[in-house]
Amino acid sequence: MAEYLVSDPAIQDAHPHTQYDLIANICHEGEPGKGAGNFKVHILHKGANKWYELQDLHVKDILPPVITLSDSYIQIYELQKESNMQKTT
């Protein structure tokens, strides 16, 4: 991953604790490339701090470990705020 990181020391010093939180996980079920299958998304409701699975018009609560068991197609992350990083380190 080093080739994707900024090598400028001034920028690295300004952001020494860059951390991200997973906020959405998109999965595809079905055969790729055939135009078949469907998508479902696992999304974090930040206000309630709960994860949900959405597929078409169906919504259900899920536990965070379910996300690690799924085959991810796209994952979306959010940069942690400075105040949140101090709580987790």
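## Strand pairing

Two strands are said to pair if DSSP finds at least two bridges between them. In this predicted model, strand 1 and strand 2 satisfy that condition, pairing in the antiparallel sense over 6 bridges. Alanine 24 stands opposite isoleucine 43 of strand 2.

The pairing continues on the other side of strand 2, where strand 3 joins in the antiparallel sense over 5 bridges. Here histidine 42 has glutamate 53 of strand 3 as its bridge partner. Strand 3, residues 50-55, in turn pairs with strand 4, again antiparallel and over 5 bridges. In that pairing, tyrosine 52 is matched by aspartate 61 of strand 4.

## Overall architecture

The protein contains 3 helices and 5 strands. Read from the N terminus, these elements follow the order α-β-β-β-β-α-β-α. Of the 89 residues, 17% are buried. Among contacts with a separation of 6 or more, 47% are made by residues 24 or more positions apart. The exposed area of the protein is about 7200 Å², and carbon and sulfur atoms supply 57% of that area.

## The sheet and its edges

The 5 strands form one open sheet, arranged in the order 4-3-2-1-5 with antiparallel pairing. Strand 4 (58-62) and strand 5 (72-79) are the edge strands, each pairing on one side only. On average, neighbouring strands of the sheet are turned by 20 degrees against each other, direction ignored.

The hairpin of strand 2 and strand 3 has 4 residues between the strands. Within this hairpin, asparagine 49 takes a positive phi near 55 degrees.

## A salt-bridge network across the sheet

A search of the whole structure finds 5 salt bridges. One of them connects glutamate 29 and lysine 40, whose closest N and O atoms are 3.0 Å apart. This pair links distant parts of the chain: glutamate 29 lies in strand 1 (residues 20-29), lysine 40 lies in strand 2, and 11 residues separate them. The two partners fall into separate accessibility classes. Glutamate 29 is partly exposed because its relative accessible area, 34%, lies between the limits of 20% and 50%. Lysine 40 is buried because its value of 15% is under 20%.

Lysine 40 also meets the side chain of glutamate 53 in a salt bridge, at 3.7 Å from N to O. Here the link runs between strand 3, which holds glutamate 53, and strand 2, which holds lysine 40, with the two residues 13 positions apart. Glutamate 53 is buried, since its relative accessible area is 10% and therefore under the 20% limit. Glutamate 53 is also the residue that bridges to histidine 42 in the pairing of strands 2 and 3.

## A salt bridge from loop to edge strand

Lysine 46 and glutamate 78 form a further salt bridge, their closest N and O atoms being 2.6 Å apart. Lysine 46 belongs to the loop between strand 2 and strand 3, while glutamate 78 belongs to strand 5; the partners are 32 residues apart and join distant parts of the chain. Lysine 46 counts as exposed because its relative accessible area of 52% is over 50%. Glutamate 78, at 26% relative accessibility, is partly exposed. Elsewhere, salt bridges that share partners unite Glu29, Lys40, Glu53 and Lys60 in one network.

## A nonpolar surface patch

Which residues make the nonpolar patch on the surface? Phe39, Tyr73, Ile74 and Ile76 together form this patch of about 400 Å². Strand 5 gives the most to the patch, with 3 residues, and is also one of the two edge strands of the sheet.

Phenylalanine 39 is located in strand 2, which spans residues 38-45. Why can phenylalanine 39 be called partly exposed? The reason is its relative accessibility of 44%, which lies between 20% and 50%. That value is also over the 30% required of a residue in a patch, so phenylalanine 39 meets this requirement.

Lysine 40, a partner of glutamate 29 in a salt bridge, is by contrast buried, at 15% relative accessible area. As a general background to such patterns, side chains in a regular strand alternate between the two faces of the sheet.

How values were computed: Residues are numbered from 1 along each chain as its sequence is written. This is a predicted model: local features need pLDDT of at least 70, side-chain atom pairs count only at pLDDT 80 or more; totals for chains, interfaces and linings use all residues. Side-chain values use heavy atoms; hydrogens and water are left out. Buried means under 20% relative accessible area, exposed over 50%, partly exposed in between (1.4 Å probe, protein chains only). Contact means heavy atoms within 4.5 Å. Accessible areas come from the Shrake-Rupley method with a 1.4 Å probe; for residues, only the protein chains shown count as cover. Axes are lines fitted to C-alpha atoms, for helices over the stretch in contact, and angles run from 0 to 180 degrees between N-to-C directions. Patches are made of residues with over 30% relative accessible area and no salt bridge: like charges are joined within 9 Å, nonpolar side chains (Val, Leu, Ile, Met, Phe, Trp, Tyr) within 5 Å. A salt bridge is a side-chain nitrogen of Lys or Arg within 4 Å of a carboxyl oxygen of Asp or Glu.
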